[in-house]
Amino acid sequence: MASLVDGAYEMEKRYEDKGVDLNEVRYAREQEELARTLSKYHYSDGLCRTDCDGKATLTNLRAGVYLIYVEDESEYEVQPVLVQLPKWEEDKGAMNWNVRVCPKQTIREEAAKTGDSQQAGAWAMLCLGGAGILILLLAVKKD
């Protein structure tokens, strides 16, 4: 979506006419809104698949900003996210090339209204799994 050139982000040609300047984005809310807007264009540099645990791994990426979104959502809506590589980590005082992203996800209203007990069970498992991931990430961060 954008490359890092001389310390500033330069948008790819296909995004140039969208009126976006990533260098002006300062707040997380602005990034979230921008990711939602840009994901509607469905530009893709490739697809990645998730494993049985719902994890996807992307490797050998160049410095820049990447838009990650779910193209084929089922009963869950997954929030698109912008990822900066590398990412500055204030607490470590260094750039991080090994960035982990956990996009927010919610159950679609249509799926929630069906009253299907399997939907409720899936939602409960998703919440419990999310808590497990949060605990795992907090445990890793302590090290």
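These are my notebook entries on a predicted model of a single chain.

**Entry 1: confidence**

I began with the confidence of the prediction, and found a mean pLDDT of 77 for the chain, with 76% of its residues at 70 or more. I then went through the elements and noted that strand 7 (residues 94-96) has the highest mean pLDDT, 90, whereas helix 4 (residues 117-142) has the lowest, 48. Over residues 130-143 the pLDDT stays under 50, and for this stretch I find 4 contacts in the model beyond four places in sequence.

**Entry 2: overall layout**

I counted the secondary structure next, which comes to 4 helices and 8 strands. Following the sequence, I read the pattern as β-β-α-α-β-β-β-β-β-β-α-α. Of the 143 residues of the chain, 20% count as buried. I looked up the exposed area of the chain as well, which is about 10900 Å², with 51% of it supplied by carbon and sulfur atoms. For contacts between residues at least 6 apart in sequence, I noted that 49% join residues at least 24 apart.

**Entry 3: backbone geometry**

I looked for unusual peptide bonds and noted a cis bond joining Leu85 and Pro86, with omega at about -15 degrees. Pro86 belongs to the loop that runs between strand 5 (81-85) and strand 6 (87-89).

Which residue in the loop between strand 1 and strand 2 did I want to look at for its phi? I settled on Asp6, which has a positive phi of about 50 degrees although it is not a glycine, and which lies in that loop, between strand 1 (2-5) and strand 2 (8-11). Asp6 has a relative accessible area of 82%, and I therefore list it as exposed, the cut-off being over 50%.

I recorded Asn60 beside it, with a positive phi of about 55 degrees, although Asn60 is not a glycine either. Asn60 sits in the loop between helix 2 (28-39) and strand 3 (64-68). Is Asn60 buried or exposed? I find it at 78% relative accessibility, so Asn60 counts as exposed.

**Entry 4: Leu58 and its contacts**

I stayed in the loop between helix 2 and strand 3 and turned to Leu58, which is also found there. What does Leu58 touch, once residues up to four places away in sequence are set aside? I find that Leu58 touches Cys48 and Ile68. Leu58 and Cys48 are 10 residues apart along the chain, and I noted 7.6 Å between their C-alpha atoms. On accessibility, Leu58 is at 44% and counts as partly exposed, and Cys48, at 41%, likewise counts as partly exposed.

**Entry 5: cysteines**

Having met Cys48, I checked for disulfides, and the search of the whole structure finds 0 of them. I also looked up Cys102, which has a relative accessible area of 52% and is therefore exposed.

**Entry 6: salt bridges**

How many salt bridges does a search of the whole structure find? I get 3, and I wrote down each pair with the accessibility of its residues where I had looked it up.

- The side chains of Arg14 and Glu12 meet at 3.1 Å, N to O; Arg14 is partly exposed at 27% relative accessibility, and Glu12 is partly exposed at 23%.
- Asp17 and Lys18 form a salt bridge through their side chains, also at 3.1 Å, N to O; Asp17 counts as exposed at 62% relative accessibility, whereas Lys18 is partly exposed, with a relative accessible area of 23%.
- Lys92 and Glu89 form a salt bridge at 3.5 Å, N to O; Lys92, at 61% relative accessibility, counts as exposed.

**Entry 7: a nonpolar surface patch**

I finished with the surface, and which residues form a nonpolar patch there? I found Trp88, Met95 and Trp97, which together have about 370 Å² of accessible area. Of these I placed Trp97 in the loop between strand 7 and strand 8 (105-107). I add that strand 7 is the element with the highest mean pLDDT in the chain.

Note on methods:
Residues are numbered from 1 along each chain as its sequence is written. This is a predicted model: local features need pLDDT of at least 70, side-chain atom pairs count only at pLDDT 80 or more; totals for chains, interfaces and linings use all residues. Side-chain values use heavy atoms; hydrogens and water are left out. Helices (H or I, at least four residues) and strands (E, at least two) are DSSP runs, numbered from the N terminus. Buried means under 20% relative accessible area, exposed over 50%, partly exposed in between (1.4 Å probe, protein chains only). pLDDT is the predictor's confidence in each residue, from 0 to 100. Contact means heavy atoms within 4.5 Å. Patches are made of residues with over 30% relative accessible area and no salt bridge: like charges are joined within 9 Å, nonpolar side chains (Val, Leu, Ile, Met, Phe, Trp, Tyr) within 5 Å. Accessible areas come from the Shrake-Rupley method with a 1.4 Å probe; for residues, only the protein chains shown count as cover. A salt bridge is a side-chain nitrogen of Lys or Arg within 4 Å of a carboxyl oxygen of Asp or Glu. A disulfide is a pair of cysteine sulfur atoms within 2.5 Å.
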